[in-house]
Amino acid sequence: MTRASTEVIPPELLLNAYRTGYFPMADGKEGEIFWYDPEQRGILPLGGMKISRSLRRTIAKQIYTVDQDTAFEEVMRRCAERDETWISETIIRSYVLLHELGYAHSIEVRHAGALVGGLYGVAVGAAFFGESMFSTMTDASKVALEALVRRMNERGFELLDTQYTTPHLESLGVIEIPREQYLHLLASATAKHCTFI
(Lines give C-alpha, C1' and ligand atoms only; values in the text may rest on other atoms or scores of the structure.)
Protein backbone atom coordinates (compact mmCIF):
# COMPACT_ATOMS: atom_id res chain seq x y z
CA MET A 1 0.00 0.00 0.00
CA THR A 2 1.52 3.31 -1.07
CA ARG A 3 0.31 6.90 -0.98
CA ALA A 4 -0.56 9.48 -3.62
CA SER A 5 -1.54 13.09 -3.00
CA THR A 6 -2.31 14.55 -6.42
CA GLU A 7 -5.61 16.29 -7.09
CA VAL A 8 -6.08 14.27 -10.26
CA ILE A 9 -4.44 10.92 -10.77
CA PRO A 10 -2.78 11.00 -14.21
CA PRO A 11 -4.56 8.64 -16.61
CA GLU A 12 -1.35 6.83 -17.57
CA LEU A 13 -0.61 6.16 -13.89
CA LEU A 14 -4.10 4.76 -13.34
CA LEU A 15 -3.98 2.53 -16.39
CA ASN A 16 -0.50 1.23 -15.59
CA ALA A 17 -1.66 0.49 -12.05
CA TYR A 18 -4.57 -1.60 -13.31
CA ARG A 19 -2.30 -3.46 -15.72
CA THR A 20 -0.03 -4.45 -12.83
CA GLY A 21 -2.70 -5.36 -10.30
CA TYR A 22 -3.09 -2.15 -8.27
CA PHE A 23 -6.10 0.09 -7.72
CA PRO A 24 -6.61 3.33 -5.73
CA MET A 25 -8.95 4.08 -2.86
CA ALA A 26 -9.25 7.31 -0.89
CA ASP A 27 -9.32 7.45 2.89
CA GLY A 28 -12.78 8.99 3.06
CA LYS A 29 -14.30 11.73 0.94
CA GLU A 30 -11.43 14.14 1.57
CA GLY A 31 -8.64 11.76 2.54
CA GLU A 32 -5.38 10.65 1.01
CA ILE A 33 -5.32 8.13 -1.80
CA PHE A 34 -3.73 4.74 -1.21
CA TRP A 35 -2.89 2.02 -3.73
CA TYR A 36 -3.94 -1.56 -3.04
CA ASP A 37 -2.83 -4.96 -4.31
CA PRO A 38 -4.65 -7.51 -2.11
CA GLU A 39 -3.30 -11.00 -1.57
CA GLN A 40 -6.73 -12.44 -2.37
CA ARG A 41 -8.60 -10.95 -5.32
CA GLY A 42 -12.32 -11.01 -6.02
CA ILE A 43 -13.35 -11.93 -9.55
CA LEU A 44 -16.65 -12.87 -11.16
CA PRO A 45 -16.18 -15.68 -13.69
CA LEU A 46 -18.03 -14.50 -16.78
CA GLY A 47 -19.89 -17.78 -17.10
CA GLY A 48 -20.62 -18.00 -13.40
CA MET A 49 -22.93 -15.18 -12.40
CA LYS A 50 -25.67 -16.54 -10.15
CA ILE A 51 -29.04 -15.20 -11.24
CA SER A 52 -31.83 -15.92 -8.78
CA ARG A 53 -35.39 -16.64 -9.82
CA SER A 54 -36.50 -13.27 -8.50
CA LEU A 55 -33.80 -11.49 -10.51
CA ARG A 56 -34.79 -13.42 -13.64
CA ARG A 57 -38.38 -12.30 -13.08
CA THR A 58 -37.27 -8.70 -12.60
CA ILE A 59 -35.27 -8.80 -15.85
CA ALA A 60 -38.12 -10.50 -17.73
CA LYS A 61 -40.67 -7.90 -16.57
CA GLN A 62 -38.52 -5.15 -18.12
CA ILE A 63 -39.44 -2.69 -15.39
CA TYR A 64 -36.00 -1.13 -15.80
CA THR A 65 -34.21 0.30 -18.82
CA VAL A 66 -30.47 -0.18 -19.09
CA ASP A 67 -27.96 2.12 -20.81
CA GLN A 68 -24.19 2.45 -21.04
CA ASP A 69 -22.08 5.59 -20.61
CA THR A 70 -24.98 8.05 -20.51
CA ALA A 71 -24.43 9.36 -16.96
CA PHE A 72 -20.95 8.34 -15.88
CA GLU A 73 -20.25 11.06 -13.33
CA GLU A 74 -23.75 10.82 -11.86
CA VAL A 75 -23.29 7.08 -11.33
CA MET A 76 -19.99 7.75 -9.56
CA ARG A 77 -21.53 10.37 -7.32
CA ARG A 78 -24.46 8.11 -6.47
CA CYS A 79 -22.00 5.33 -5.58
CA ALA A 80 -20.26 7.80 -3.24
CA GLU A 81 -23.47 8.71 -1.37
CA ARG A 82 -22.67 6.63 1.72
CA ASP A 83 -21.69 7.36 5.30
CA GLU A 84 -18.28 5.85 4.59
CA THR A 85 -16.82 5.99 1.11
CA TRP A 86 -13.46 5.74 -0.63
CA ILE A 87 -14.74 7.72 -3.63
CA SER A 88 -13.29 11.18 -3.05
CA GLU A 89 -13.47 14.21 -5.33
CA THR A 90 -9.97 13.35 -6.57
CA ILE A 91 -11.16 9.85 -7.44
CA ILE A 92 -14.23 11.25 -9.21
CA ARG A 93 -12.23 13.77 -11.26
CA SER A 94 -9.64 11.14 -12.16
CA TYR A 95 -12.19 8.60 -13.38
CA VAL A 96 -14.27 11.17 -15.24
CA LEU A 97 -11.08 11.99 -17.15
CA LEU A 98 -10.54 8.27 -17.84
CA HIS A 99 -14.14 8.12 -19.06
CA GLU A 100 -13.54 11.03 -21.42
CA LEU A 101 -10.53 9.14 -22.79
CA GLY A 102 -12.66 6.04 -23.40
CA TYR A 103 -11.35 3.77 -20.63
CA ALA A 104 -13.90 4.15 -17.83
CA HIS A 105 -17.50 3.09 -18.37
CA SER A 106 -20.81 3.00 -16.58
CA ILE A 107 -24.02 1.01 -16.72
CA GLU A 108 -27.16 2.97 -15.86
CA VAL A 109 -30.43 1.43 -14.70
CA ARG A 110 -33.50 3.63 -14.87
CA HIS A 111 -37.12 3.36 -13.79
CA ALA A 112 -39.59 5.79 -15.32
CA GLY A 113 -36.62 7.84 -16.50
CA ALA A 114 -35.02 8.17 -13.05
CA LEU A 115 -31.57 6.73 -12.33
CA VAL A 116 -32.15 4.02 -9.70
CA GLY A 117 -29.05 1.84 -10.03
CA GLY A 118 -25.76 1.46 -11.80
CA LEU A 119 -22.11 0.64 -11.68
CA TYR A 120 -18.86 1.91 -13.10
CA GLY A 121 -15.39 0.59 -13.78
CA VAL A 122 -12.37 0.61 -16.07
CA ALA A 123 -11.76 -1.45 -19.21
CA VAL A 124 -8.21 -2.31 -20.22
CA GLY A 125 -7.81 -4.86 -22.98
CA ALA A 126 -10.13 -7.80 -22.21
CA ALA A 127 -10.31 -6.95 -18.51
CA PHE A 128 -12.96 -4.89 -16.74
CA PHE A 129 -12.22 -3.60 -13.26
CA GLY A 130 -15.50 -3.05 -11.42
CA GLU A 131 -15.21 -0.17 -9.00
CA SER A 132 -18.57 0.37 -7.31
CA MET A 133 -22.31 0.06 -7.77
CA PHE A 134 -25.44 1.49 -6.19
CA SER A 135 -29.15 0.76 -6.04
CA THR A 136 -32.20 2.63 -4.78
CA MET A 137 -34.76 0.08 -6.01
CA THR A 138 -34.97 -3.67 -5.65
CA ASP A 139 -32.47 -5.56 -7.83
CA ALA A 140 -31.37 -2.43 -9.74
CA SER A 141 -27.65 -2.96 -9.11
CA LYS A 142 -28.02 -6.66 -9.90
CA VAL A 143 -29.67 -5.75 -13.20
CA ALA A 144 -26.67 -3.50 -13.90
CA LEU A 145 -24.24 -6.31 -13.11
CA GLU A 146 -26.12 -8.78 -15.31
CA ALA A 147 -26.04 -6.25 -18.15
CA LEU A 148 -22.30 -5.76 -17.63
CA VAL A 149 -21.59 -9.51 -17.71
CA ARG A 150 -23.72 -9.92 -20.84
CA ARG A 151 -21.91 -7.06 -22.60
CA MET A 152 -18.51 -8.43 -21.60
CA ASN A 153 -19.38 -11.85 -22.97
CA GLU A 154 -20.69 -10.34 -26.20
CA ARG A 155 -17.50 -8.29 -26.63
CA GLY A 156 -15.04 -11.10 -25.85
CA PHE A 157 -13.84 -9.91 -22.44
CA GLU A 158 -12.09 -12.42 -20.22
CA LEU A 159 -11.73 -10.96 -16.72
CA LEU A 160 -14.18 -9.19 -14.42
CA ASP A 161 -12.26 -7.96 -11.38
CA THR A 162 -14.32 -7.00 -8.32
CA GLN A 163 -11.19 -6.29 -6.23
CA TYR A 164 -12.61 -7.64 -2.99
CA THR A 165 -15.57 -9.84 -2.22
CA THR A 166 -18.48 -9.57 0.19
CA PRO A 167 -21.29 -11.96 1.10
CA HIS A 168 -23.52 -10.00 -1.30
CA LEU A 169 -21.04 -10.38 -4.17
CA GLU A 170 -20.47 -14.05 -3.33
CA SER A 171 -24.23 -14.61 -3.63
CA LEU A 172 -23.88 -13.36 -7.22
CA GLY A 173 -21.01 -15.71 -8.04
CA VAL A 174 -17.89 -13.73 -7.08
CA ILE A 175 -14.98 -15.89 -5.91
CA GLU A 176 -11.58 -15.17 -4.41
CA ILE A 177 -8.34 -16.24 -6.04
CA PRO A 178 -4.70 -15.81 -4.93
CA ARG A 179 -2.74 -12.82 -6.23
CA GLU A 180 -0.42 -15.03 -8.31
CA GLN A 181 -3.34 -16.62 -10.16
CA TYR A 182 -4.98 -13.23 -10.58
CA LEU A 183 -1.84 -11.68 -12.08
CA HIS A 184 -1.65 -14.52 -14.61
CA LEU A 185 -5.25 -13.91 -15.69
CA LEU A 186 -4.64 -10.16 -15.71
CA ALA A 187 -1.60 -10.38 -17.98
CA SER A 188 -3.49 -12.54 -20.47
CA ALA A 189 -6.58 -10.31 -20.49
CA THR A 190 -4.83 -6.95 -20.74
CA ALA A 191 -2.69 -8.19 -23.66
CA LYS A 192 -5.84 -8.58 -25.79
CA HIS A 193 -7.93 -5.94 -27.51
CA CYS A 194 -11.62 -5.51 -26.74
CA THR A 195 -14.00 -2.59 -27.05
CA PHE A 196 -16.65 -1.96 -24.42
CA ILE A 197 -18.87 0.37 -26.47
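This note sets out numbered points on helix packing, aromatic pairs and selected residues in a predicted model.

1. Helix α3, residues 72-79, has four residues to consider together: F72, V75, M76 and C79 are buried. These residues lie on the same side of α3, because the arc they cover around the axis is only 100 degrees. As for their partners, the buried residues of α3 pack against one helix segment, α4 (89-100), and against the strands β6 (104-111), β7 (114-124) and β8 (127-135).

2. A second packing arrangement involves helix α2 (residues 53-61) and helix α5 (residues 140-155). Their axes are 10 Å apart and the packing angle is about 80 degrees. That angle makes α2 roughly perpendicular to α5, since values from 65 to 115 degrees are placed in that class. On the α2 side the contact is made by L55, T58 and I59, and on the α5 side by K142, V143 and E146. By character, the residues of this contact divide into three nonpolar, one polar and two charged.

3. One member of that contact deserves a separate remark. Is E146 buried or exposed? E146, located in helix α5, has a relative accessible area of 14% and is therefore buried, the limit for that class being under 20%. Leaving aside residues up to four places away in sequence, E146 touches M49, I51 and I59. I59 is also among the α2 residues that make the contact with α5.

4. The structure holds seven aromatic pairs. One of them is formed by F23 and Y36 and is stacked, with 6.1 Å centre to centre and 25 degrees between the planes. F23 belongs to strand β2 (residues 23-26) and Y36 to strand β3 (residues 33-36), so this pair ties together parts that are 13 residues apart in sequence. The two partners can be described by their accessibility: F23 counts as buried at 0% relative accessibility, whereas Y36, at 23%, counts as partly exposed.

5. F23 also pairs with Y164. Here the ring centres are 5.7 Å apart and the planes stand at 85 degrees, so the pair is edge-to-face. This pair links distant parts of the chain: F23 is in strand β2, while Y164 is in the loop between β9 (159-163) and α6 (167-171), 141 residues apart. Y164 has a relative accessible area of 34% and is partly exposed. Taken together, F23, Y36 and Y164 form one aromatic cluster.

6. The loop between β9 and α6 also contains T165. With a relative accessibility of 17%, T165 counts as buried. Which residues does T165 touch, not counting those up to four places away in sequence? The contacts of T165 on that basis are E170, V174 and E176.

7. In strand β8 the residue to inspect is G130. G130 has a relative accessible area of 17% and is buried. Residues up to four places away in sequence not being counted, G130 touches Y120, G121, L160, D161, T162 and Q163. The C-alpha atoms of G130 and L44 are separated by 9.9 Å, although these two residues are 86 residues apart along the chain.

8. Two residues merit a check of their backbone geometry. A112 has a phi near 55 degrees, which is a positive value in a residue other than glycine. A112 is found in the loop between β6 and β7 and counts as exposed at 78% relative accessibility. The phi of Q163 is likewise positive in a residue other than glycine, near 70 degrees. Q163, however, is found in strand β9 and is buried, with a relative accessible area of 4%. Q163 is also one of the residues touched by G130.

Terms used:
Residues numbered from 1 in each chain as written. Predicted model: local features only at pLDDT ≥ 70, side-chain atom pairs only at ≥ 80, totals over all residues. Heavy atoms only, no water. Buried < 20%, exposed > 50% of the residue type's maximum accessible area, 1.4 Å probe, protein only. Helix = DSSP H or I, 4+ residues; strand = E, 2+ residues; numbered from the N terminus. Arc of directions from axis to C-beta. Contact = heavy atoms within 4.5 Å. Axes fitted to C-alpha atoms, helices over the stretch in contact; angles between N-to-C directions. Parallel < 35°, antiparallel > 145°, perpendicular 65-115°, else oblique. Nonpolar A, V, L, I, M, F, W, Y, C, P; charged D, E, K, R; others polar. Phe/Tyr/Trp six-rings, centres within 6.5 Å; stacked < 30°, edge-to-face > 60°.
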